[in-house]
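User: I'd like to learn how to read a model like this one, feature by feature. Could you walk me through it?

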Amino acid sequence: MKVPKTRKKLKRGIAQVLPAQCLYCDSDQGFETPIVTRKLPFRDCTLEVSFEVTQCKACGETFLSEPQAEAQLKQTVAAYQKEAGLFTAAELIARRHALGLRSQQKLVDASSGAIAIATLKRIEAGQWVQDKTTDIAIRATLETLEQKQADAELQRICNQAMQGGAGTAVTEIARSCFDWSKMSDMRTMVWTICVSDAQPNEPKNVRTWEDYASADEDSNNLVPC
Ligand SMILES: [Zn+2]
C-alpha cells in the first residue's frame, strides 16, 4: 500500500530519525542514499539537478530527509542562477573571500548602501534567488573592489621593480604576477609613479612596461627610472 508523501516539519537542530520500516512497502531492510539526477520544475525553467535521496532497499521508492530536501533546494536554486546568469551562493562566497572579506558586513559596507546585509545573507545561504538589480549591484561592488586589489598589487610590484635596482628576481615576480594583457594598466601605473618623481619636461625619458616586455631578455632593462 502506498502511503501519501508527507514531510514532517522538524525544529531546527533536531536530527531527523528515519523510520524503522519503509513507509511504502513496510520492509525493514533499511535505506540507501544514492545520488540521482532529475529534471525539476523551478520558476519558468525545468532544471537538471543532481541530489542525494533516501531509497528503500526493498522497493526502491525514494524520498528526501530534511537535510536532503534542503540540499536539493540549494542545488536547484544554484542551477537556476547559473541558467539566469546570476551569482550562485558558492560563487559569491568565493569572490568575497578572494578579496579577503571574511565578513559579509565588509562587502555591504563597501557597497555604499547598494546591498543590504539581509539580502546578502539570504543569497549566500543558497535558498533564495536574487533579482537582476541586486545581482548587478553586488557584481559592481565586487568588480570595484577587485580592481582596487589588482591596482594595489600592480603598484606594489611596480614599486618593487623601481626600488629593487633590477634583477632576475623582480622579472620573475613580474612575470608571475602580471596579466600581460593588461599592459595599458601597467604603463599607466609606471608612468604615474615615474613622472611624479621625474622632471616635468622629461616625461619621454620614462620607459614603459612594453619596453621591458620586449627587452626582457636583458633583466637590467627592467628598472624604469
Ligand atoms: Zn520500500
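Analyst: Happy to. Let's begin with a sheet: S1, S4 and S5 form an open sheet in the order S1-S4-S5, with antiparallel pairing. Its edge strands are S1 (31-32) and S5 (62-63), each of which pairs on one side only. Keep in mind as we go that this is a predicted model.

User: How many bridges join S1 to S4?

Analyst: Two bridges join S1 to S4 (residues 54-56), and these strands run antiparallel. For a residue pair to look at, take Glu 32, whose bridge partner in S4 is Gln 55.

User: What about S2 and S3: how do they run relative to each other, parallel or antiparallel?

Analyst: S2 and S3 run antiparallel, joined by eight bridges. To follow the register on your screen, find Ile 35, which stands opposite Glu 52 in S3, and then Val 36, which stands opposite Phe 51.

User: Where does the chain turn between them, and which residue there has a positive phi?

Analyst: The hairpin of S2 and S3 has two residues between the strands, and Arg 43 takes a positive phi near 50 degrees there. Arg 43 has this positive phi although it is not a glycine. Arg 43 counts as exposed because 12 other C-beta atoms lie within 10 Å, and 12 or fewer is the cut-off for that class.

User: How many residues of S2 are buried?

Analyst: Zero: S2 has eight residues, none of them counted as buried, so the strand is hardly covered.

User: Let's move on to helices. How can I check whether the length of H1 makes sense?

Analyst: The idea is to compare an expected span with the distance in the model. H1 covers residues 66-84, and at 1.5 Å a residue its 19 residues should span 27 Å. The C-alpha atoms at its ends are 27 Å apart, which agrees.

User: Which residues of H1 are buried, and what do they pack against?

Analyst: Thr 76, Val 77, Ala 78 and Gln 81 are the buried ones. The buried residues of H1 pack against strand S2 (35-42), strand S3 (45-52) and helix H2 (89-98). Just after H1 comes Gly 85, with a positive phi near 70 degrees.

User: H2 came up there. Is there a residue in it worth a look?

Analyst: Try Ala 90, which is found in helix H2. Ala 90 counts as partly exposed because it has 13 C-beta neighbours inside 10 Å. Now find Gly 126: Ala 90 and Gly 126 are 36 residues apart in sequence, with their C-alpha atoms 8.0 Å apart in space.

User: How should I think about a nonpolar core?

Analyst: In soluble globular proteins, nonpolar side chains tend to be buried together. Here the largest nonpolar core has eleven residues, including Leu 86, Phe 87, Leu 92, Ile 123 and Ile 138. Helix H3 (104-110), helix H4 (117-125) and helix H5 (132-163) each supply at least two residues of this core. The largest share, three residues, comes from H5.

User: What does Leu 92 touch?

Analyst: Leaving aside residues up to four places away in sequence, Leu 92 touches Phe 87, Ile 123, Glu 124 and Ile 138.

User: What lies between H3 and H4?

Analyst: A loop, and Ser 112 sits in it. Ser 112 is a residue other than glycine with a positive phi, near 55 degrees. It counts as exposed because it has 10 C-beta neighbours inside 10 Å.

User: Can we step back to the whole chain?

Analyst: Sure. The protein chain has eight helices and five strands, and along the sequence they follow the pattern β-β-β-β-β-α-α-α-α-α-α-α-α. Of its 225 residues, 15% count as buried. Among contacts between residues at least 6 apart in sequence, 53% join residues at least 24 apart.

User: Finally, where is the pLDDT below 50?

Analyst: For the chain as a whole, the average pLDDT is 77, and 64% of the residues score at least 70. Over residues 165-171 the pLDDT is below 50, and this stretch has 14 contacts in the model beyond near neighbours in sequence. The pLDDT also stays under 50 over residues 192-206, where the model has 16 contacts beyond four places in sequence. Where pLDDT is low, the predicted coordinates should not be read in detail.

Key:
Residues are numbered from 1 along each chain as its sequence is written. This is a predicted model: local features need pLDDT of at least 70, side-chain atom pairs count only at pLDDT 80 or more; totals for chains, interfaces and linings use all residues. Helices (H or I, at least four residues) and strands (E, at least two) are DSSP runs, numbered from the N terminus. The expected span of a helix is 1.5 Å times one less than its number of residues. A residue is buried if 20 or more other C-beta atoms lie within 10 Å of its own, exposed if 12 or fewer, and partly exposed in between; C-beta atoms are placed from the backbone. Two residues are in contact if their C-beta atoms, placed from the backbone, lie within 7 Å. pLDDT is the predictor's confidence in each residue, from 0 to 100. A nonpolar core is a set of buried Ala, Val, Leu, Ile, Met, Phe, Trp, Tyr and Cys residues joined through C-beta atoms within 7 Å. Two strands pair if DSSP finds at least two bridges between them.
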